[in-house]
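Thanks for coming, everyone. Please have the sequence and the structure open while I talk. I'll keep this brisk.

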Amino acid sequence: MDKKNLWNRYSEAELQELNEISAKYKKCLDDGKTERECVHIAVQMAKEAGYRDVKEVIKEGKKLETGAKVYAVCMDKMIAMFRLGDEPLSSGMNILGAHIDSPRIDIKQNPVYENTGFAYLDTHYYGGIKKYQWVAQPLALHGVVVKKDGAIVNICIGEKEDDPVFVITDLLVHLAAKQLEKKASEVIEGEKLDLMIASRPIEQEEGLEKEEKDTIKKNVLRILEKSYGITEEDFASAELEIVPAGKARDCGLDGSMILSYGQDDRVCAFTSLFAMLDVTESKRTACCLLVDKEEIGSVGATGMHSLFFENIVAELVALTEGESNLKVRRALANSRMLSSDVSAGFDPMFEEAFERRSAAFLGKGLSFNKFTGSRGKNGSNDANAEYLAALRRVMDDANVEYQFSELGKVDVGGGGTIAYIMANYGMEVIDSGVAVLNMHAPYELSSKADVYEAVKGYRAFLKNI
Ligand code: MN
Ligand code: MN
């Protein structure tokens, strides 16, 4: 079954909507380069759409009715949004799930040091990256520093036109004969990913004869104190992330694609969010769940393995049908979910890694993976055939274009998502999402047509599955 390229099928009106969604999506990519920034965007947009913090609702103690819109945030890094449907919560929800953490390089807790004329921040990479891809390019620093008194200092350096950027250096090719003989995984080693941040010494006090030590580091600390009110010790309680500097860009002469950092998995997260905010009526409760830590195994309080989601569902059951452990279980077991994550788009330059008949192609619509995992489907959530049939019906009825795919050739590699975790509740879950090229590289590539079909598909799912 060969799916056709979508571009020539669109009407003028559809192309206009496609362009509007692309523009909105790119803006979100620019404003949301960390999981905290993504949660911030989601909360802002949810509030504008009439959503309320579930904590307020619990305090009021009033019951929630059909059409009520609430959200819950966990540690500023994970968010669940709900719009209550006509049916009770225990009949199940339609859940859109995606992750908002992306591969990157984090700053260690004791990071500032000076070495031979430069000041650096010591780093530790996050998620699966090809380390050699992150050197010799402009980088930005995003995150928070939390002071001992609890004050949160937001940091974002390298994004404004007149901001400085940072860099991780690479060895000049003239002297790299030995380096180039190394395996790609060792060309740049983890401990060599330190971020260069300064080269100018602090001004010496007059009358001092001997040159002080670490004058460049001292200057860095002076600047940090002056501009942000933070000290060297404050790095101990900071979450700072190094990401590529700059904005999401149209890619291609025809402007058909988007090149940007962090599309894994924000291409699914933001399209899910857009679809969620568009829901004005639904039989079943609509839910959008944006989680952290997927790239390192969905662990921790803000990862999918945490009980945060289950706890919030319990609160909602209490606020609608009355407290009942059984009804919480029913709500989860009767739910249906699209676990959305990026799929490996077919890349003609690396066709040896793909099997054409089961590959996801850019420009051919929303991608469904019945299973992910590796080798003999190891670690996969193998979606139920009956559920796949229901999805085909809903997508076809809503005129959504989609493709069924696998992540590369059978024996080549593999990957996982949050699908199997939610499947533990006994709910129907399938991996779906948008195909990208350059996955986990500093700049990932998607097709605007697929972004558009994702929003359409997610809307149809929330309303009709
Ligand atoms: Mn992902
Ligand atoms: Mn990933």
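A search of the whole structure finds 11 aromatic pairs. Keep in mind that this is a predicted model. Take one pair, F368 and Y402. The ring centres are 5.9 Å apart and the planes meet at 70°. The cut-off for edge-to-face is over 60 degrees, so this pair is edge-to-face.

Where do the two partners sit in the chain? F368 is in strand β16, residues 366-369. Y402 is in strand β18, residues 402-404. That puts them 34 residues apart, so the pair links distant parts of the chain.

Are these two buried or exposed? F368 has a relative accessible area of 2%. Y402 has 6%. Buried means under 20%, so F368 is buried, and Y402 is buried.

Y402 has another ring partner, F404. Here the centres are 5.9 Å apart, with 90° between the planes, and the pair is edge-to-face. F404 has a relative accessible area of 34%, so it counts as partly exposed.

Elsewhere, ring pairs link W7, Y10 and Y452 into a cluster.

Rings also meet charges. The charged end of R104 sits over the ring of Y126, 3.7 Å from the ring centre. K377 lies over the face of F371, at 3.9 Å from the centre of that ring.

Now the sheet. Strands of a sheet pair through backbone hydrogen bonds, parallel or antiparallel. In this model, 9 strands form an open sheet with mixed pairing. Follow the order with me: β1-β2-β3-β13-β4-β14-β20-β16-β18. Which strands are at the edges? They are β1, residues 52-53, and β18, and each pairs on one side only.

Back to β16, the strand of F368. 3 bridges join β16 to β20, residues 428-433, and the two strands run antiparallel. F368 stands opposite S432 in β20.

Next, the cores. In soluble globular proteins, nonpolar side chains tend to be buried together. The largest nonpolar core in this model has 61 residues. Which members touch the most others? They are M81, F270, L338, L391 and F461. Helix α11, residues 448-464, gives the most to this core, with 9 residues.

Look at L391. Leaving out residues up to four places away in sequence, L391 touches L338, F368, I430, F461 and I465. There is also a second, separate core of 35 residues, including C74, V291, L319 and M337.

Last stop, the metals. Which protein atoms hold the manganese ion, ligand 2? The donors are D264 through OD, E295 through OE, listed twice, and H440 through NE2. They lie 2.1 to 2.6 Å from the ion. Along the chain, these donors follow the spacing D-x30-E-x144-H.

D264 also bridges this ion and the manganese ion that is ligand 1. The two ions lie 3.1 Å apart. D264 is in helix α6, residues 263-278. E295 is in the loop between β13, residues 285-291, and α7, residues 308-320. The two residues are 31 residues apart and link distant parts of the chain. Both D264 and E295 are buried.

That's the tour. Questions, please.

Note on methods: Residues numbered from 1 in each chain as written. Chains lettered and ligands numbered in written order. Predicted model: local features only at pLDDT ≥ 70, side-chain atom pairs only at ≥ 80, totals over all residues. Heavy atoms only, no water. Donors = N, O, S within 2.8 Å, 3.2 Å for Na, K, Ca; no water. Helix = DSSP H or I, 4+ residues; strand = E, 2+ residues; numbered from the N terminus. Buried < 20%, exposed > 50% of the residue type's maximum accessible area, 1.4 Å probe, protein only. Core = buried A, V, L, I, M, F, W, Y, C linked by side-chain atoms within 4.5 Å. Contact = heavy atoms within 4.5 Å. Phe/Tyr/Trp six-rings, centres within 6.5 Å; stacked < 30°, edge-to-face > 60°. Lys NZ or Arg CZ within 6 Å of the ring centre and 35° of its normal. Pairing = 2+ DSSP bridges.
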